[in-house]
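Reader: I would like a close look at one part of this model, the aromatic residues and the core around them. Please keep to what can be read from the structure.

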Amino acid sequence: METLTSLTSGFDVALMPVNLLYCFLGVLLGTLIGVLPGIGSLAAISMLMPVSFYLEPATAIIMLAGVYYGAEYGGSIASILLNLPGTPSAAVTALDGNALAKQGRAGPALFTAMISSFWGGLMGMMVMVVFAPWLAEFALAFGPTEYFAIMALGLVAAVAISQGSLLKGFMMVTLGLMLGVIGTDPNTAQQRFTVGQLDLADGISLVAIAMGLFGVSEVIASIASARDRPRVAPVKLGDMLPDRTDLREIWPAMLRGAGFGSFFGALPGTGATIAAFIAYAVEKRVGRRRIPFGKGAIAGVAAPESANNSAAQTAFIPPLTLGVPGSASMAVMLGALMIHGLLPGPRMITDRPDVFWGLIASFIVGNMMLLVLNIPLINIWVRLLRVPYALLYPLILVFIAIGVYSIRNSLFDVGLVAGFGLLGYAMRLLDYEPAPLLMGFVLGPLMEENLRRALVMSRGDAAVFVENPISAVILGLTVLIVLAMSLSRLRGRRSTSSETPS
Amino acid sequence: MSHRIRAELTIAFLTAIAGAWFIHGSIELGIGSALRMEAGFFPVCLGGMMLVLSGAVALSALTSTKEIERPDLRGAGFVLAGLASFALALERAGLLVAVVLLVLLSMLALPGNRPTRMIALATGGALISWLIFGLAIGIQVPMIRSPF
């Protein structure tokens, strides 16, 4: 009953004209940016974060959230039409989505993606309404010891999902933690590793790192293939509806996908991409299909699309209730919340119910906007995909440069974006993943603060992390994940070397 | 020694230097104790971790057989030059000039871009920047400024 009352007051916030407007803008811009291949939700949020600084906190977060799940939806359009996922979580949609497009069934594929995304978003929102308050109440019992342990788990999980070597993943986390230390120490006011630069006294800008690592480096990497993008045929609105047989396959795939998405989205270190892949893999094994998976099975679009949008909603649970981001995108969202003076964590529901419940209510509004917007706009997105990348990337760089400058009016930040862009590009070439670095950067200062408090409370005894039962369980889980990852990679290497002919 | 191994060892060396710098800097800041952490306590732990990880990555790189993708030096060079020109021109000549320079230089990253197309896009980019950032959002930077 209390939850229902809170949700109703959340709708009062979400339906305010200014919040409706910015939700619409967020969803529209997120979809537009998500449609563009290679620019995912993270780059989209980073590029639009400076715009949010001029807004009230609730409005800002509603807009950025709209950008996030709008981009997740937009990623599927390029995935289906071009076989070029706009976001990583849309990569699996390309398997059957693009096959359907090649068979002249792009319309039903796009419609299925839309409906499945809407359903997934609704399911994710319902999970948030039920579980988030309960989790926040549970987390109120957490102290600095437990928080430190959860953050360590979050960082290890970020390494677990990265593609490359474990050592490189841990190195990136450590580099991120080191970058997070740069600036003024909050306890002693000493300058740490600022090399005499006044611009670094407040630390490195989160937006500069995110835009450099994910925006500029992506542009540099994509320029070489800019001329090779395939052409896209127009889509007729009338041809978009799936037939009855399609619908019989879509519904169960959508339901199952949303279930997986809701679960995996809420776990730190997983998120929309893993949720989409697992939903697809499970759906492939379940039931018989008219057309096998990989050859244009409509359920192969419904399951991952439902999963990734559901995960996009429940991904907000860890940062809002625990103050710990589950993914790089949520790390940037967490940064945005803190820049607006909000303290994410279990107290947020009680201290700022307008932001918390307003955000949840805006998910329903935003997902409905996505559905209503994208049916008539589908040909505009198709036309956007026909604009040569050679014309788009300079404008993307303009947005990045102005966006990062406008945060602190600092030319130093523009230089940082360029530097991190070069670093990000070098990292790509050598298979270093940028997401663990970003997670380390955002969590570093929080980890240090919680470590300090935990050790003060235990009078300097580090054994507190294993004597505290919750912390011990979380750290134990962290160690298990590291061992499991190491064994899995070792087995992978052994089977590769045994397959290599002598 | 392959290009890949050389590149990997270079990165490992640079990160080891960063780790050693952090340790050195932390000692100067003061480390304190577990009960009374000073400004250098957390950084010295990170510096130590980075040294160990750099060593491990260097050892693992020696057995790497993967080839490194050829870097797009032209693309990287012109994109970075564009961003640098934006930074240099912004407060001296205003946003519109900075945007034009950024667009023109970054378009040179892709060989074969025609001058007419470059000028058209640079003009369009400046116009869009003025509309969105100047009029709609109202960021505090002059659109045009005399460099003299």
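Is Trp21(B) buried or exposed, or partly exposed, and what is its relative accessible area?

Author: This is a predicted model. Trp21(B) is partly exposed, because its relative accessible area of 39% lies between the 20% limit for buried and the 50% limit for exposed.

The aromatic pairs give the setting. Over all chains, the count comes to ten aromatic pairs. One of them joins Tyr68(A) and Phe316(A), with the ring centres 5.8 Å apart and 75° between the planes, an edge-to-face arrangement. This pair links distant parts of the chain, 248 residues apart. Tyr68(A) belongs to helix α4 (residues 57-82) of chain A, while Phe316(A) sits in the loop between α12 (299-314) and α13 (317-322) of chain A. Both Tyr68(A) and Phe316(A) are buried.

Trp21(B) takes part in another edge-to-face pair, with Phe193(A) as its partner: 5.3 Å centre to centre and 75° between the planes. Here the pair crosses between chains. Phe193(A) is in the loop between β2 (191-192) and α9 (206-223) of chain A, and Trp21(B) is in helix α1 (residues 3-29) of chain B. Phe193(A) counts as buried because its relative accessibility is 9%, under the 20% limit. Its partner Trp21(B), at 39%, is partly exposed.

Back in chain A, Tyr68(A) and Phe316(A) are joined by Tyr69(A) and Phe363(A) in one aromatic cluster. A charged side chain meets a ring elsewhere in chain A: Lys168(A) lies over the face of Tyr432(A), at 4.8 Å from the ring centre.

Phe316(A) also leads to the nonpolar core. The largest such core has 209 residues, and Phe316(A) and Phe86(B) are those with the most contacts inside it. Helix α16 (residues 353-386) of chain A gives the most to this core, with 17 residues. Chain B contributes from two domains, with at least three residues drawn from each of domain 1 (3-63) and domain 2 (73-136). The C-alpha centres of these two domains of chain B lie 38 Å apart.

Phe86(B) has contacts in both chains. Leaving aside neighbours within four places in sequence, Phe86(B) touches Ala401(A), Ile402(A) and Val414(A) on the chain A side, and Leu95(B), Ala98(B), Val99(B) and Leu102(B) within chain B.

Definitions and conventions
Residues are numbered from 1 along each chain as its sequence is written. Chains are lettered from A and ligands numbered from 1 in the order in which they are written. This is a predicted model: local features need pLDDT of at least 70, side-chain atom pairs count only at pLDDT 80 or more; totals for chains, interfaces and linings use all residues. Side-chain values use heavy atoms; hydrogens and water are left out. Domain bounds come from an automatic or database domain assignment. Rings of Phe, Tyr and Trp (its six-membered ring) pair if their centres lie within 6.5 Å; planes under 30 degrees apart count as stacked, over 60 as edge-to-face and the rest as tilted. Helices (H or I, at least four residues) and strands (E, at least two) are DSSP runs, numbered from the N terminus. Buried means under 20% relative accessible area, exposed over 50%, partly exposed in between (1.4 Å probe, protein chains only). A charge sits over a ring if NZ of Lys or CZ of Arg is within 6 Å of the ring centre and within 35 degrees of the ring normal. A nonpolar core is a set of buried Ala, Val, Leu, Ile, Met, Phe, Trp, Tyr and Cys residues joined through side-chain atoms within 4.5 Å. Contact means heavy atoms within 4.5 Å.
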